[in-house]
Amino acid sequence: MSIIVFGSINMDLVTRTPRLPVAGETLLGLDFFTAPGGKGANQAVGAALLGRTSYTIGRVGNDSFGQELLISLKVAGVQTDSILIDDTTSSGVAVIAVDDRSENTIIVIPGANGKVNHTDVERLEKLLPNASVLLLQLEVPIPAIIAAAEAAKKAKVKVILDPAPAPEKLPDELYSLTDLITPNETEASRLVGFEITNQETMTKAAEFFISKGVKTVVLKLGSKGVFCATTTESFILPAFKVNAIDTVAAGDAFNAAMAAAFDSGLSLREAIKWGAAAGALATTKKGAQPSLPNKQTFDTFLATNP
């Protein structure tokens, strides 16, 4: 089967600084580089690098960034025939600052991603009969995301939603179409309306999502591990210990590996373990897609970190 990603494709403009600036402050940075990114593209690459058949549905602009992004996806093994080159706008861009503690801030300029609509969903529908998982994020318009989830539901394809960047509220309709949701602490806190600080508030947050129709809730807690809840069970998986230098795309690596596990026929617990391992590995390298682990690195890490 295959994994389909419906979402954003960006060029990341990354700066490293001693610390993140406050409002009105100018800082001298340490270095700068560009790297292919976008939560959708990151997740598609992550799945392809782990040996799964991976398709991306999205848009890039008819510019130099767009050409670079398409080439990088193809080199990673992602199927790109369903990506539209949009002549009416620029490619999406993300401006990222990363400090010495590996914390980051991200400003996203949607560009072509903001033009994604029902015509892109029509290209998605042609691929769904041979898919096992549809990965969604929130860097393209919500109406298109809902339509994509509806199409996946009709085709009996598992829908995994990464609710990032998180708004204050998501449409109830999207929750009801979601099989598995994967917010981090900040995103979950924003969506449920209270701060998540301990297992009690994790459980309360999971109950909120489940009451909206989500079947499985996976809270990504960084160095504190992963909290998972369904209608019948809940558990915490401790984090893998690594030397983290950059958290950009760690969440995307998590979702990609989790989808790869499901596509391989593994259980929920094993899928979360795969996600946690890939997310941990992604923090050990700079950048978004350059930090995503390949199958050999991933398999070795799992074998040596049971």
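**Helix H6, its surroundings and the salt bridges**

Asparagine 184 caps the N-terminal end of helix H6, with a side-chain oxygen 3.1 Å from the backbone nitrogen of threonine 186; a polar contact is a pair of N or O atoms within 3.5 Å, and within protein one must be able to donate a hydrogen and the other to accept it, while residues adjacent in sequence count only if both atoms are side-chain atoms. The model is predicted, so local features need pLDDT of at least 70 and side-chain atom pairs count only at pLDDT 80 or more, whereas totals for chains, interfaces and linings use all residues. Residues are numbered from 1 along each chain as its sequence is written, and side-chain values use heavy atoms, with hydrogens and water left out.

H6 spans residues 185–192; helices (H or I, at least four residues) and strands (E, at least two) are DSSP runs numbered from the N terminus. Six of the eight residues of H6 are buried, where buried means under 20% relative accessible area, exposed over 50% and partly exposed in between (1.4 Å probe, protein chains only). The buried residues are Glu185, Glu187, Ala188, Ser189, Leu191 and Val192. They pack against helix H5 (172–176), helix H7 (199–211) and strand S11 (216–220), contact meaning heavy atoms within 4.5 Å. Glycine 193, with a positive phi near 90 degrees, follows the helix.

Two residues of H6 take part in salt bridges, defined as a side-chain nitrogen of Lys or Arg within 4 Å of a carboxyl oxygen of Asp or Glu. Glutamate 185 pairs with lysine 224, the closest N and O atoms being 2.7 Å apart. Lysine 224 lies in the loop between S11 and strand S12 (226–229), 39 residues from glutamate 185, and is partly exposed at 48% relative accessible area. Arginine 190 pairs with glutamate 168 at 3.9 Å between the closest N and O atoms. Glutamate 168 is in the loop between S9 and H5, so this pair ties together parts that are 22 residues apart in sequence. Arginine 190 is partly exposed, at 43%, and glutamate 168 is exposed, at 61%.

The structure holds 17 salt bridges. Lysine 39 and aspartate 162 form one of them, with the closest N and O atoms 3.5 Å apart. Lysine 39 lies in helix H1 (residues 39–49) and aspartate 162 in the loop between strand S9 (158–161) and H5, so the pair ties together parts that are 123 residues apart in sequence. Lysine 39 counts as buried at 16% relative accessibility, and aspartate 162 is buried at 1%. Salt bridges that share partners join Lys39, Asp162, Lys220 and Asp252 into one network.
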